[in-house]
Amino acid sequence: MSKPVTYQKGRIHDVMTRPLTKFLDERGWLSELFRSDELAPEHLPTMAYISMTQPGVARGPHEHVDQTDYFCFIGPANFKVYLWDAREDSPTFGVKQFFFAGVDAPTMLIVPPGVVHAYKNVSHENGIVFNGPNRLYAGSGKHEKVDEIRHEDEADSPFRLE
């Protein structure tokens, strides 16, 4: 970033969320994580992975130059999700947005490039998060530079988890 920014609370342009519906029956439940007929072509996942985050642990804050992340927070824990719009050409540049997602509020989240993001497990049990980014991690064959700008260890970072 070229100049210091004081982030104000609000909703970030181009960030999309939607509740994930659980379809229940006598066997348990099912939830559709994504459908190609409901996504813009630039958001279609190129790969998919799940991660487990331990209680009280955060992932991020970081951002991508080109990659869009497609997260699904499904449980069995809850997460506090943090977003900061660091895109100088965005109508919501300087906006920060926080919300809760997970077992109590299953949520899909699309994070475009340039939006700094993090999430923290705020439960007392391990939490699972699905991600279907639109770019391969480290490129084809894992031979390219990783598209990630990490802010976790910056002492003067404006991206603080509350």
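1. A nonpolar core is a set of buried Ala, Val, Leu, Ile, Met, Phe, Trp, Tyr and Cys residues joined through side-chain atoms within 4.5 Å. Keep that in mind as you look at this predicted model. The largest such core here has 15 residues, and those with the most contacts inside it are F71, F73, V81, L83, L109 and Y119. Five strands each supply at least two residues of this core: β7 (69–75), β8 (78–85), β9 (95–102), β10 (107–111) and β11 (115–121). A second, separate core has eight residues, including Y82, W84, V116 and F159.

2. Let's take one core residue, F71, as a starting point. Which residues is F71 in contact with, leaving aside its neighbours within four places in sequence? They are T107, M108, L109, V111, H117, Y119, V129, F130 and N131.

3. Now for the fold as a whole. How many helices and strands are there in the protein? There are zero helices and 13 strands, so by the DSSP definition of these elements the pattern along the sequence is β repeated from start to end. Among contacts with a separation of 6 or more, 82% are between residues 24 or more positions apart.

4. On overall dimensions, the C-alpha trace spans about 55 × 35 × 30 Å along its principal axes. The radius of gyration is 16 Å, which agrees with the value near 15 Å for a compact globule of 162 residues. Of those 162 residues, 44% count as buried.

5. Turning to the surface, the protein exposes about 9200 Å², and carbon and sulfur atoms supply 53% of that area. As for charge, there are 17 positive and 23 negative side chains, and the centres of the two sets lie 4 Å apart.

6. Two prolines are worth finding on the model. The peptide bond from G60 to P61 is cis, with omega near 10°, and P61 lies in strand β6 (residues 58–63). The bond from G75 to P76 is also cis, with omega near 5°, but P76 lies in the loop between β7 and β8.

7. Finally, have a look at two backbone angles. D14 is not a glycine, yet its phi is positive, at about 80°; D14 is found in the loop between β1 (8–9) and β2 (16–19). A138, another residue other than glycine, has a positive phi near 65° and sits in the loop between β12 (127–131) and β13 (149–150). Are these two buried or partly exposed? D14 is partly exposed, with a relative accessible area of 39%, whereas A138 has 8% and is therefore buried, the cut-off being under 20%.

Methods. Residues are numbered from 1 along each chain as its sequence is written. This is a predicted model: local features need pLDDT of at least 70, side-chain atom pairs count only at pLDDT 80 or more; totals for chains, interfaces and linings use all residues. Side-chain values use heavy atoms; hydrogens and water are left out. Buried means under 20% relative accessible area, exposed over 50%, partly exposed in between (1.4 Å probe, protein chains only). Helices (H or I, at least four residues) and strands (E, at least two) are DSSP runs, numbered from the N terminus. Contact means heavy atoms within 4.5 Å. The radius of gyration is taken over C-alpha atoms; the globule rule is 2.2 Å times the number of residues to the power 0.38. Accessible areas come from the Shrake-Rupley method with a 1.4 Å probe; for residues, only the protein chains shown count as cover. Lys and Arg count as positive and Asp and Glu as negative; His and the chain ends are not counted. The place of a charge is taken as NZ of Lys, CZ of Arg, CG of Asp or CD of Glu.
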